[in-house]
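I opened this notebook to record what surrounds the bound ligands. My entries below follow the order in which I looked things up.

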Amino acid sequence: MSSSSTAVLLETINFAAEKHRNQRRKDPDATPYINHPIGVARILSHEGGITDIEVLQAALLHDTVEDTDTTIEELESLFGPTVARIVQEVTDDKSLPKEERKRLQVEHAPHRSHQAKLVKLADKLYNLRDLNRCTPTGWTAERVQGYFVWASQVVKGLRGTNAALEEKVQQLFLQRGLEL
Ligand SMILES: Nc1nc2c(ncn2[C@@H]2O[C@H](COP(=O)(O)OP(=O)(O)O)[C@@H](OP(=O)(O)OP(=O)(O)O)[C@H]2O)c(=O)[nH]1
Ligand SMILES: [Mn+2]
């Protein structure tokens with residue numbers, strides 16, 4: 001990695017950490033939220049073999065617009081149009097009812113760019129592993145299984161994106177009695 005890409009990644013991770021500073025995961029330990037975007041970027045790099053720095057940046061930033069006061073324009077001016085576009089592609093419209101948002105993720109997944117599909121795939125892999133690690137506060141076993149079923153529908157639309165990551169996520173679905 002060149003020294004400039006190191007600096008770019010540190011700038012990106014610092015921005016995400018500041019934006020998510022007051023947020024926690026839903027697990028009983030209330031893990032700092034930033035662990036999730038860092039973990040998603042790390043899955044892409046370490047397990048998916050991804051070196052495209054804009055994809056790694058988008059992974060670090062992927063929940064900032066959906067879950068904080070960050071705007072796409074802000075990302076565009078700080079990190080450029082490609083990073084901003086990838087984040088936009090993986091951002092749900094929170095003004096829609098939850099069922100509609102979930103349905104749209106399934107419908108839109110196959111039409112996303114390759115870069116956005118990579119971020120989506122790693123996001124799902126992280127969240128499914130996290131559900132196996134511990135149950136979010138207040139979630140029943142049925143809700144956890146429901147997330148696996150829905151995630152398998154989304155991941156179906158991401159086929160052909162990254163063989164290593166798809167194999168790992170498929171293992172998790174098989175353990176739950178689900179087929180891709
Ligand atoms: N497994 C797990 N998920 C947690 C935890 N804390 C927060 N989350 C987030 O919760 C979201 C999944 O929960 P849902 O009830 O389906 O969605 P919601 O947040 O929109 O209500 C994911 O959002 P997302 O990243 O935007 O992804 P997605 O909604 O596209 O799956 C995930 O990152 C946790 O402790 N475990
Ligand atoms: Mn996420």
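Entry 1, composition of the shell. I sorted the residues around ligand 1 by class and obtained 13 charged, six nonpolar and three polar. The model is a predicted one, and I read every value below as computed from it.

Entry 2, membership of the shell. I counted 22 residues around ligand 1. Lys26, Lys98, Lys102, Arg143 and Tyr147 are the closest of them.

Entry 3, polar contacts. I looked up which atoms pair with ligand 1. A polar side-chain atom of Lys102 is 2.7 Å from an oxygen atom of the ligand. For Lys26 I found that a polar backbone atom takes part, at 2.7 Å from a nitrogen atom of ligand 1. The side chain of Glu66 places an N or O atom 3.2 Å from an oxygen atom of ligand 1. I then checked burial: ligand 1 exposes 690 Å² when taken alone, and the protein buries 90% of that area.

Entry 4, the pocket and its elements. I noted that ligand 1 occupies the space of the largest pocket. Helices H7 (98–108), H8 (114–133) and H9 (141–156) are the elements that each give two or more residues to the shell. Which helix gives the most to the shell around ligand 1? I found H8 in that place, with six residues.

Entry 5, the metal site. I listed the protein donors of the manganese ion (ligand 2) as His36 through NE2, His62 through NE2, Asp63 through OD and Asp123 through OD. Their distances from the ion run from 2.2 to 2.4 Å. Along the chain, I recorded the donor spacing as H-x25-H-D-x59-D. Two of these donors link distant parts of the chain, being 61 residues apart: His62 lies in the loop between helix H3 (53–61) and helix H4 (64–67), and Asp123 lies in helix H8.

Terms used
Residues numbered from 1 in each chain as written. Chains lettered and ligands numbered in written order. Predicted model: local features only at pLDDT ≥ 70, side-chain atom pairs only at ≥ 80, totals over all residues. Heavy atoms only, no water. Near = heavy atom within 4 Å. Polar contact = N/O pair within 3.5 Å; in protein donor to acceptor, adjacent residues only side chain to side chain. Areas by Shrake-Rupley, 256 points an atom, 1.4 Å probe, with all protein chains shown as cover. 1 Å grid on protein atoms, 1.4 Å probe; cavity = no way out; pocket = protein on both sides within 12 Å on 5 of 7 lines; lining within 4 Å. Sits in = over half its atoms within 2 Å of the grid points. Helix = DSSP H or I, 4+ residues; strand = E, 2+ residues; numbered from the N terminus. Nonpolar A, V, L, I, M, F, W, Y, C, P; charged D, E, K, R; others polar. Donors = N, O, S within 2.8 Å, 3.2 Å for Na, K, Ca; no water.
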